[in-house]
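Please open the model in a viewer and keep the sequence panel at hand. The tour proceeds by selections, each followed by a description of what is to be found there.

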Amino acid sequence: MPDPRHADLVFTGGPVHLGTAARSRATAVAVTGSRIVAVGHHDDVTDLIGPATEVVDLAGRLLVPGFQDAHVHPVGGGLELGQCDLTGALTADEVRRRISAYAQAHPDAGWITGGGWSMETFDGWPDRAFLDALVPDRPVYLANRDHHGGWANTRALEIAGLTARTPDPADGRIERDADGNPTGMLQEGAMGLVAEHVPAPRIDELVAGLLRAQELLHSLGITAWQDALVGANPLLPDATPAYLAARADDRLTARVVASLWWQRERGAEQIDDLLDQRERLTRAGIHASTVKIMQDGIAENHTAAMLTPYLRGCGCAAGGDHAGISFVDPAELRKHVTELDRLGFQVHFHALGDRAVREALDAIEAARTANGWRDTRPHLAHLQVVHPDDVDRFRALGATANLQPLWAAHEPQMDELTIPFLGPERSAWQYPFGSLRDAGAVLAAGSDWPVSSPDPLAGIHVAVNRVEPGEDAPVFYPEQRIDLATALAAYTCGTAYVNHLDETGTIAAGNLADLVVLDRDPFAHPAEEICQTRVEQTYVDGRRVYSR
């Protein structure tokens with residue numbers, strides 16, 4: 001029997017970043033079982049060290065609360081790591097090489113699937129002819145890196161029955177040539193026209209994807225996450241079976257919040273189904289009191305919902321009224337969010353454009369007015385363009401700003417496919433982290449992986465510098481930079497707040513021992529070196545789940 005007078009685990013030789021509002025520090029932490037039992041300095045924990053105590057000498061390395069990701073797709077990301085992975089392929093030749101190599105290595109695969117390609121690689125949209133030259137005899141379907149578009153070859157389009165006569169769905173667009181024939185590029189809801197024909201992954205493949213993702217995320221210091229897409233949906237395989245299986249046999253070591261997908265082609269009648277999903281997952285030990293509503297698309301393909309129309313690339317008015325898509329009618333959105341809030345659901349909005357952000361905030365305001373102030377902690381993810389009139393509303397309504405910091409930098413997709421179509425005024429409203437902080441909003445942070453890297457330290461680097469790691473580029477709207485402590489808080493206590501994991505996110509006696517050892521103290525180094533910081537060890541419930 002362990003001696004109850006002694007801790008199981010002691011960290012000493014600090015520094016320890018507690019993550020509290022006072023930004024105070026310690027040099028020693030003691031853990032017994034799953035809980036932190038003492039925080040202070042070496043003399044405060046000496047009596048807790050016994051012969052069986054594991055002692056970690058930090059030797060100047062920084063101990064921080066475990067990172068949490070407020071918006072991530074682990075099962076989809078893990079599956080793609082085992083498929084045709086085009087992440088980081090920056091040239092058409094490299095995309096061609098990877099697709100060809102994967103197809104040759106998997107001659108028995110009925111479909112070639114995967115994703116991660118970038119629009120700027122093709123100066124916009126690729127076409128089916130590119131894929132036909134590589135894989136003419138099997139269907140190919142590859143999601144782009146943001147998963148708001150899919151790329152199909154001719155065989156896949158034939159299987160789906162897509163022709164010049166196929167109408168665009170209400171929530172998407174089929175890209176077409178001059179004769180009206182599908183080019184192979186499918187936007188938003190049109191992705192489902194082909195995706196529904198792709199064979200669903202087997203349960204063992206889903207679990208393998210989850211475990212592959214969990215291993216990666218733990219190696220990056222992530223101890224908890226909110227899965228932003230759980231349930232039947234047109235974008236990624238349903239992650240529910242993977243979580244249930246991994247929880248049942250104790251292979252799920254991370255803390256998980258499931259965000260249940262709102263089917264935008266349905267209405268309030270689906271709420272009973274969401275209640276059933278919540279009960280089923282909760283019985284299995286998965287927190288599932290969140291509903292994900294995707295209110296718009298993305299700016300690059302002009303489906304992000306804007307208050308005023310997009311411009312032509314020259315910066316001139318487009319001559320039309322195209323201002324993106326609101327996937328859920330705003331009046332209905334207010335009704336749905338009010339009812340979900342009444343039933344104790346948190347609502348997690350996908351909102352990129354300034355109109356989508358306003359519609360989401362209006363829905364939260366309607367819920368607050370009807371139901372009073374409930375502890376549902378709604379949050380808006382992405383927030384690419386926020387009208388200045390709406391910044392203060394986050395604090396006033398108790399709406400958390402869920403940031404994806406890696407996107408707040410100059411890179412080809414931003415400079416070539418976004419800024420020219422927004423114009424200078426709206427471009428300056430992009431990713432207003434500093435303004436939201438100054439307005440008193442709660443900040444959480446996530447990656448949207450596999451859309452972008454799941455590395456919190458890379459995200460923190462960009463939040464502080466507004467420049468991508470390792471890039472010598474102009475600072476992206478420098479007035480919106482935030483300091484290191486604020487960025488770190490967004491990935492720890494801010495996301496713990498969103499996840500209702502109130503016993504995590506800070507290092508304090510009584511809290512759960514979700515902890516991360518970094519290889520250095522980034523506060524002691526220049527801001528431009530934050531991205532050089534690495535995770536040495538990750539602990540969940542006081543158990544080491546990763547060691548470098």
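## The largest cavity

Begin by selecting H73, D146, H147, H148 and D448: of the 14 residues that line the largest cavity, these lie nearest its centre. The model is a predicted one. The volume of this cavity is about 120 Å³, and its lining divides into 5 nonpolar, 6 polar and 3 charged residues. In total, the structure holds 5 cavities of 30 Å³ or more.

## The second largest cavity

Next, select V337, D341, F345, Q346, V347, I364, A367, R368, T376 and P378, which line the second largest cavity. Three elements each give two or more residues to this lining, namely α10 (330-342), β18 (346-351) and α11 (354-371). Which of the elements supplies the largest share of the lining? That share, 3 residues, comes from α11. The space inside the second largest cavity amounts to about 70 Å³. By residue class, its lining consists of 6 nonpolar, 2 polar and 2 charged residues.

## The whole chain

Now clear the selection and display the entire chain as a cartoon. The chain comprises 17 helices and 24 strands. Its radius of gyration is 23 Å, close to the 24 Å that the globule rule gives for 548 residues, so the chain is as compact as a globular protein of that length. Along the principal axes, the C-alpha atoms fill a box of roughly 80 × 55 × 50 Å.

Colouring by accessibility is useful at this stage. Of the 548 residues in the chain, 59% are buried. Contacts may be examined in the same view: taking those between residues at least 6 apart in sequence, 72% join residues at least 24 apart.

## A sheet of six strands

Select the strands β9 to β14 and follow their order across the sheet. This open sheet has 6 strands in the order β9-β10-β11-β12-β14-β13, and the pairing is mixed. Its edge strands are β9 (84-85) and β13 (172-176), each of which pairs on one side only.

At the β13 edge, add β14 (residues 182-188) to the selection. The two strands pair in the antiparallel sense over 4 bridges. For one specific pair, select G172 together with E188 of β14, its bridge partner.

## Q226 and its contacts

Move next to strand β15 (residues 222-230), where Q226 is placed. Is Q226 buried or exposed? With a relative accessibility of 0%, Q226 counts as buried.

To see what surrounds this side chain and backbone, select the contacts of Q226. Leaving aside residues up to four places away in sequence, Q226 touches D69, A70, H71, V72, V257, S259, T290, Q346, H348, H379, V498 and N499. One of these contacts, Q346, also belongs to the lining of the second largest cavity. For a distance across the model, mark the C-alpha atoms of Q226 and R23: these residues are 203 apart along the chain, and the two atoms are separated by 25 Å.

## Two cis peptide bonds

Select G14 and P15 and display the backbone. The peptide bond from G14 to P15 is cis, with omega near 15°. P15 lies in the loop between β1 (9-12) and β2 (16-17).

Then select W449 and P450. The bond joining W449 to P450 is also a cis peptide bond, with omega near 15°. The position of P450 is in the loop between β21 (443-445) and α16 (456-465). Close by in the sequence panel is D448, one of the residues nearest the centre of the largest cavity.

## Two residues with positive phi

The last stops concern backbone torsions. Select H302, in the loop between β17 (287-294) and α10. Phi of H302 is near 65°, a positive value in a residue other than glycine. H302 counts as buried at 19% relative accessibility, since the limit for that class is under 20%.

Finally, select L383, which is found in the loop between β19 (379-382) and α12 (388-397). What is the phi value of L383? The angle is near 50°, again positive in a residue other than glycine. L383 is buried, with a relative accessible area of 1%.

Conventions: Residues are numbered from 1 along each chain as its sequence is written. Side-chain values use heavy atoms; hydrogens and water are left out. On a 1 Å grid over the protein atoms alone, a cavity is a set of points where a 1.4 Å probe fits but cannot get out, and a pocket is an open set with protein on both sides within 12 Å along at least five of seven lines; lining residues have an atom within 4 Å of a point. Grid points are joined across faces, edges and corners, and a volume is the space filled by probe spheres set on the points. Ala, Val, Leu, Ile, Met, Phe, Trp, Tyr, Cys and Pro count as nonpolar, Asp, Glu, Lys and Arg as charged, and the others, Gly among them, as polar. Two strands pair if DSSP finds at least two bridges between them. The radius of gyration is taken over C-alpha atoms; the globule rule is 2.2 Å times the number of residues to the power 0.38. Buried means under 20% relative accessible area, exposed over 50%, partly exposed in between (1.4 Å probe, protein chains only). Contact means heavy atoms within 4.5 Å.
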